[in-house]
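Biologist: I would like a close look at a single part of this model, taken slowly and with its surroundings included. Please begin with one residue and work outward from there.

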Amino acid sequence: MRGQVLHVATRVLECLLALVIGYGCLWLILSSCKSLFSIMATGIAAQAPTATAVVPAQASASSYTGLLSVQFEVYGKVQKVFFRKYTQLTAQKQGLTGWVQNTQRSTVKGVIEGPAANITFMKQWLRTKGSPKSRIDRCEFRNERPVELRLYKTFAIKT
């Protein structure tokens with residue numbers, strides 16, 4: 001019980017610190033406070049957040065467990081079937097950031113960033129599922145690399 005109280009107090013202090021740092025950290029405040037309320041509602045202490053490790057130069061992106069960034073392009077019937085909207089919703093559910101947009105070549109391209117496990121899930125979703133009315137012929141991924149900080153704060157649909 002004492003550990004739970006200390007964890008909740010730590011999360012409250014993290015929220016306050018993020019608030020002091022400023023508007024640029026609004027997403028951190030919201031995610032921390034959401035976690036705090038979840039912990040308080042369930043009475044279960046979650047594991048404290050850990051710092052992102054620096055990836056050794058010889059480590060491959062596929063074996064990395066921190067934050068990743070990857071570009072993608074999906075081929076097939078992926079325009080006029082709500083593919084971008086479903087991609088945005090799925091990425092948001094996975095806690096990913098980035099963007100998605102239609103191309104003039106009738107493909108959909110974008111960037112996803114986030115935890116390696118969530119990137120793996122999203123890559124599989126882009127390869128095999130997509131929106132209900134889409135048909136995916138293939139999906140290409142480029143420039144998969146570890147990142148220390150996210151470049152995007154949300155997952156946007158570009159026009």
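Modeller: Threonine 107 is a good place to begin, since its relative accessible area is 2% and it therefore counts as buried. This is a predicted model, so every value here is computed from predicted coordinates. Threonine 107 belongs to the loop that runs between E2 and E3. Across the chain, its C-alpha atom is separated by 6.7 Å from that of glutamate 73, although the two residues are 34 apart in sequence. Apart from neighbours within four places in sequence, threonine 107 is in contact with Glu73, Val74, Tyr75, Val78 and Gln79, and also with Gln101 and Asn102.

The preceding loop residue can be set beside it. Serine 106 also lies in the loop between E2 and E3, but with a relative accessible area of 45% serine 106 is partly exposed. Its phi is positive, near 65 degrees, in a residue other than glycine. Most residues other than glycine have a negative phi. Lysine 80, in the loop between E1 and H3, likewise has a positive phi near 65 degrees, and with a relative accessible area of 83% lysine 80 is exposed.

One contact of threonine 107, Val74, leads into the interior, as Val74 is among the residues with the most contacts inside the largest nonpolar core, together with Phe72, Phe83, Ile112, Ile119, Met122 and Leu126. That core has 20 residues, and at least two of them come from each of strand E1 (67-77), H3, strand E3 (108-115), H4 and strand E4 (135-146). The largest share, 5 residues, is supplied by H4. In soluble globular proteins, nonpolar side chains tend to be buried together. Isoleucine 119, one of those with the most contacts inside the core, touches Leu68, Val70, Leu96, Ile112, Glu113 and Gly114, when residues up to four places away in sequence are not counted.

Two helices that contribute to this core also meet each other. The axes of helix H3 (residues 83-93) and helix H4 (residues 116-128) come within 11 Å and cross at roughly 160 degrees, which means that H3 is roughly antiparallel to H4. Their crossing is right-handed. On the H3 side the contact is made by Phe83, Tyr86, Thr87, Thr90 and Ala91, and on the H4 side by Phe121, Met122, Trp125 and Leu126. These residues divide into 7 nonpolar and 2 polar, with no charged residue in the contact.

Looking along H3 itself, the buried residues are Phe83, Thr87, Gln88, Thr90 and Ala91. An α-helix has 3.6 residues a turn, so residues three or four places apart point the same way. The buried residues of H3 pack against H4 and also against E1, strand E2 (97-102), E3, E4 and strand E5 (155-157). H3 is followed by glycine 95, where phi is positive, near 75 degrees.

In H4, one charged side chain deserves a separate look. Lysine 123 is found in this helix, and because its relative accessibility is 14%, lysine 123 counts as buried. With neighbours within four places in sequence left aside, lysine 123 is in contact with Ile112, Phe141 and Glu144. Ile112 thus connects two parts of this account, being in contact with lysine 123 and also touched by isoleucine 119.

Definitions and conventions:
Residues are numbered from 1 along each chain as its sequence is written. This is a predicted model: local features need pLDDT of at least 70, side-chain atom pairs count only at pLDDT 80 or more; totals for chains, interfaces and linings use all residues. Side-chain values use heavy atoms; hydrogens and water are left out. Axes are lines fitted to C-alpha atoms, for helices over the stretch in contact, and angles run from 0 to 180 degrees between N-to-C directions. Helices (H or I, at least four residues) and strands (E, at least two) are DSSP runs, numbered from the N terminus. Angles under 35 degrees count as roughly parallel, over 145 as roughly antiparallel, 65 to 115 as roughly perpendicular and the rest as oblique. A crossing is left-handed if the near helix is turned anticlockwise from the far one by less than a right angle, and right-handed if clockwise. Contact means heavy atoms within 4.5 Å. Ala, Val, Leu, Ile, Met, Phe, Trp, Tyr, Cys and Pro count as nonpolar, Asp, Glu, Lys and Arg as charged, and the others, Gly among them, as polar. A nonpolar core is a set of buried Ala, Val, Leu, Ile, Met, Phe, Trp, Tyr and Cys residues joined through side-chain atoms within 4.5 Å. Buried means under 20% relative accessible area, exposed over 50%, partly exposed in between (1.4 Å probe, protein chains only).
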